[in-house]
Amino acid sequence: MKFSKEEKKFWQKHFRIEKLKDIPKEWQNIGGYGYGDEQTDEYFYFISLRVEVVHEIYLKESYVTDEGVKHMTNFKALKKLHLRRHEDITKVSITYFNQMKYLENLNITKTTITLTDLCEHLNNQSLKEVFLDSNNESEENILEMAYELKQRMPKCNVYLDCSESTDAFGVKEKPIFIKDLNY
């Protein structure tokens, strides 16, 4: 199989790769911060055509949208997906998160996805941690939705208004619902 002209330009520009055989099939991570022209939906489209395994994706304020998340479903063994500060990632992406069989850690803080959206659509049993913003939900609604999510995904902790499970001093943050439902 050969490169198309567009694909050849992509691999030369971003990775200085000239030949198909020089593309590694497994990557530890893909990352980026800021509004450069690097991480776009097209970027993930071309990578997903050739790279089979990516373990972690860490993006903050890139140009990735729901379409880019769709391309990420092609990566086997994706365990950590950090999509902080992406206004164009919406609840449409929840369908793609559900397809990521190995996903354990999902950070969607500062996106348009709400706790209500997760409560209605998220059902990925491999998830262990999800980080998102509360978006001024009432405490009663938060607890009700957290309970429902915990019943559906008992091994998953949901954290609101923080982007890591520990604070700057290494102190563990509390998930929104930590009671064990198996009592």
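**Entry 1. Overall layout**

Helices, of at least four residues, and strands, of at least two, are taken here as DSSP runs numbered from the N terminus. With that settled, I counted six helices and six strands in the protein. I note at the outset that this is a predicted model. I then read the order of the elements from the N terminus on and wrote it down as α-β-α-β-α-β-α-β-α-β-α-β.

I looked up the overall dimensions next. The C-alpha trace spans about 55 × 35 × 30 Å along its principal axes. The radius of gyration is 18 Å, which agrees with the value near 16 Å that a compact globule of 183 residues would have. I recorded an accessible surface of about 10,700 Å², with 47% of it belonging to carbon and sulfur atoms. Of the 183 residues, 46% count as buried. I also looked at how contacts are spread along the chain: among those between residues at least 6 apart in sequence, 64% join residues at least 24 apart.

**Entry 2. The nonpolar core**

Which residues touch the most other members of the largest nonpolar core? I found I57, M72 and F97, in a core of 47 residues. In soluble globular proteins, nonpolar side chains tend to be buried together. I followed I57 further and, leaving out residues up to four places away in sequence, listed its contacts as I30, F44, M72, F75, L78, K80, L81 and H82. M72 thus appears both among the contacts of I57 and among the core residues with the most partners.

**Entry 3. Helix α2 and residue E7**

I turned to helix α2, residues 41–50, and asked how many of its residues are buried. Seven of the ten are, so the helix is largely enclosed by the rest of the structure. I noted the buried ones as D41, Y43, F44, F46, I47, S48 and R50. F44 is also a contact of I57.

E7 belongs to helix α1, which covers residues 5–15. Is E7 buried or exposed? I looked up a relative accessibility of 3% and therefore entered E7 as buried, the limit for that class being under 20%. Beyond residues up to four places away in sequence, E7 touches F46, L49 and R50. Of these, F46 and R50 are on the list of buried residues in α2.

**Entry 4. Salt bridges**

A search of the whole structure gave me four salt bridges, and I describe three of them here. Side chains of opposite charge can pair when their charged atoms come close.

I began with D22 and K21, whose closest N and O atoms are 3.7 Å apart. D22 is partly exposed at 40% relative accessibility, whereas K21 is exposed at 68%.

The side chains of K128 and E104 form another salt bridge, at 3.9 Å from N to O. K128 lies in the loop between α5 (115–121) and β5 (129–132), and E104 in the loop between α4 (93–99) and β4 (105–107), so the pair ties together parts that are 24 residues apart in sequence. I entered K128 as partly exposed, with a relative accessible area of 44%, and E104 as partly exposed at 26%.

I then examined E148 and R152, which form a salt bridge with closest N and O atoms 3.3 Å apart. The two are four residues apart in helix α6 (residues 139–152), and are therefore separated by about one helical turn. An α-helix has 3.6 residues a turn, so residues three or four places apart point the same way. E148 is partly exposed at 37%, and R152 is partly exposed at 23%.

**Entry 5. Two polar contacts**

I located H55 in strand β2, residues 53–60. Its side chain is joined to that of E26 by a polar contact of 2.7 Å. Setting aside residues up to four places away in sequence, I found that H55 touches E26, W27, Q28, A77, L78, K79 and K80. L78 and K80 also appear among the contacts of I57.

Where is T109 found? I placed T109 in the loop between β4 and α5. At 1% relative accessibility, T109 counts as buried. The side chain of T109 makes a polar contact of 2.7 Å with the side chain of R84. Apart from neighbours within four places in sequence, T109 is in contact with L83, R84, R85, F131, L132, D133, C162 and S163. Finally, I checked T109 against L20: the two are 89 residues apart in sequence and 36 Å apart in space, C-alpha to C-alpha.

Note on methods. Residues are numbered from 1 along each chain as its sequence is written. This is a predicted model: local features need pLDDT of at least 70, side-chain atom pairs count only at pLDDT 80 or more; totals for chains, interfaces and linings use all residues. Side-chain values use heavy atoms; hydrogens and water are left out. Buried means under 20% relative accessible area, exposed over 50%, partly exposed in between (1.4 Å probe, protein chains only). Contact means heavy atoms within 4.5 Å. A polar contact is a pair of N or O atoms within 3.5 Å; within protein, one must be able to donate a hydrogen and the other to accept it, and residues adjacent in sequence count only if both atoms are side-chain atoms. The radius of gyration is taken over C-alpha atoms; the globule rule is 2.2 Å times the number of residues to the power 0.38. Accessible areas come from the Shrake-Rupley method with a 1.4 Å probe; for residues, only the protein chains shown count as cover. A nonpolar core is a set of buried Ala, Val, Leu, Ile, Met, Phe, Trp, Tyr and Cys residues joined through side-chain atoms within 4.5 Å.
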